[in-house]
Amino acid sequence: MTMSAVHPAPTPPGGDAAAEMRDVHIGFRSGRHVTPVVRGVTLRLRPGRVLALVGESGSGKSLTSLALIGLLPPGAEITAGSVVLGGDDTAGFTARQWREARGSRIAMVFQDPMAALNPGFSVGGQIAEPFRRRLGASRREARERAVALMREVGIADAGTRYGDHPHEFSGGMRQRAVIAMALALGPSVLLADEPTTALDVTVQAQILRLLARRQQEAGLATLLVSHDLGVVARMAHEVAVMYAGRIVEQGPLDAVYTRPAHPYTLGLLRAVPDGADGDRLTPVPGLPPDPRRPPGGCAFHPRCPFATDVCRAEDPPLAESGGRSVACHHADRVSASHSDEEDR
Ligand SMILES: Nc1ncnc2c1ncn2[C@@H]1O[C@H](COP(=O)(O)OP(=O)(O)OP(=O)(O)O)[C@@H](O)[C@H]1O
Ligand code: SF4
Ligand SMILES: [Mg+2]
């Protein structure tokens, strides 16, 4: 796979983590029983850097993002590990502390902008709301700041569109409005869960440029969840691959894309010519495991062409290998097989 056409902007200096997950486990509670779905995820989001989280449906990407912003769905809970925001462990956060942190320290852009907008209120009013409610701005001042922000995210005629309701906006404009809402209070961390999946390719490119500009200018630490290899290649500095609730490979974009060391990553990237826009992750043969009953040993072994006896017996730890972390007993063999393919 060649990467030249889609390489992201130069990497700004790393710095300390703006948000961090340390060995986080998430489960769904039913009475006294907890079903684990995310099992030991460790992530660091650093200022000015984009970490992409990829993996097939049900692998735990959304729950991971929601845990970072304290918005797990009812029944889900963090059963072990910690979420740290700008150095503060959130374990003891009250509902009020979370409300204060959301928007000002960490914000999220979801796939479906309609779900984030209230259909009964004007778009501009919703963008202005945090300025009034959180910063105590006057109605006029909040409106001025909202209009400026609408302009900044590329909403044409922002002054006149201020009073429009969400249904009067196109899908792309609605997503711009939601991004404006997320950025209003200048958070240091942005979580974007499939932010452009619902949009057509041209609008997708505009939205990605907007996110990339903000990410660089404001030094945002960004977590990008995406199924689209082109989006990941253009935006991300680092990639984390999730399988059945665990991170199985994580490292710099180039290393993971060009020399995958986990068979699942290899499967996802296989047959993709150049990571151009619109390339989806390749479906890997076989079905993902039921998270309530993952197979023993390495959870990927029933689908893995490299599996041996040790894979069925022992779950491999995430370990450093060739400039990235990988959870595979046979990472060296996997990398070597990929190099052989490239040479042919
Ligand atoms: N509200 C819920 N109740 C019960 N189980 C849930 C709930 N939400 C998610 N799960 C389970 O948790 C696991 C992880 O879900 P998650 O939504 O994080 O996956 P995902 O990687 O975001 O998938 P997708 O790519 O489809 O968005 C899945 O097995 C899913 O079935
Ligand atoms: S540990 Fe074994 S089964 Fe798991 S991914 Fe590696 S080779 Fe495949
Ligand atoms: Mg999801």
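Which residues are closest to ligand 2, and how many surround it?

**Exercise 1. Describe the shells around the two ligands.**

The model is predicted: local features require pLDDT of at least 70 and side-chain atom pairs pLDDT 80 or more, whereas totals for chains, interfaces and linings use all residues. Residues are numbered from 1 along each chain as its sequence is written, while chains are lettered from A and ligands numbered from 1 in the order in which they are written.

Step 1. Ligand 2 is surrounded by 13 residues, and the closest are Cys298, Cys304, Phe306, Cys311 and Cys328. A residue counts as near a molecule if its C-beta atom, placed from the backbone, lies within 6 Å of it.

Step 2. Sort the shell around ligand 2 by class: nine residues are nonpolar, four are polar and none is charged. Here Ala, Val, Leu, Ile, Met, Phe, Trp, Tyr, Cys and Pro count as nonpolar, Asp, Glu, Lys and Arg as charged, and the others, Gly among them, as polar.

Step 3. Turn to ligand 1, where Ser57, Gly58, Lys61, Ser62 and Leu63 come nearest of the 13 residues around it. Its shell has five nonpolar, seven polar and one charged residues. Helix 1 (residues 61-68) gives the most to this shell, with three residues; helices (H or I, at least four residues) and strands (E, at least two) are DSSP runs numbered from the N terminus.

**Exercise 2. Locate the largest nonpolar core and the contact between the domains.**

Step 1. The protein chain is divided into domain 1 (4-87 + 200-343) and domain 2 (106-186), with bounds from an automatic or database domain assignment. The C-alpha centres of domain 1 and domain 2 lie 31 Å apart.

Step 2. Twelve residues from domain 1 and ten residues from domain 2 form the contact, two residues being in contact if their C-beta atoms, placed from the backbone, lie within 7 Å. On the side of domain 1 that touches domain 2, helix 1 and helix 8 each supply at least two residues, and the largest share, six residues, comes from helix 8. The residues of this side divide into nine nonpolar, two polar and one charged.

Step 3. Of the 94 residues in the largest nonpolar core, Ala52, Ile127 and Ala180 touch the most other members. Such a core is a set of buried Ala, Val, Leu, Ile, Met, Phe, Trp, Tyr and Cys residues joined through C-beta atoms within 7 Å. Helix 7 (residues 171-183) contributes the largest share of this core, eight residues. The core lies between domain 1 and domain 2 because both give residues to it.

Step 4. Not counting residues up to four places away in sequence, Ile127 touches Ala146, Leu149, Met150, Ala177, Ala180, Met181 and Ala184.

**Exercise 3. Place two residues with positive phi.**

Step 1. Asp157, a residue other than glycine, has a positive phi near 50°. Asp157 lies in the loop between helix 5 (139-152) and helix 6 (158-161).

Step 2. Asp157 is exposed, with 10 other C-beta atoms within 10 Å. A residue is buried if 20 or more other C-beta atoms lie within 10 Å of its own, exposed if 12 or fewer, and partly exposed in between, with C-beta atoms placed from the backbone.

Step 3. For Glu194, phi is likewise positive and near 50°. Glu194 belongs to the loop between strand 7 (189-193) and helix 8 (201-217), and is partly exposed, with 18 other C-beta atoms within 10 Å.
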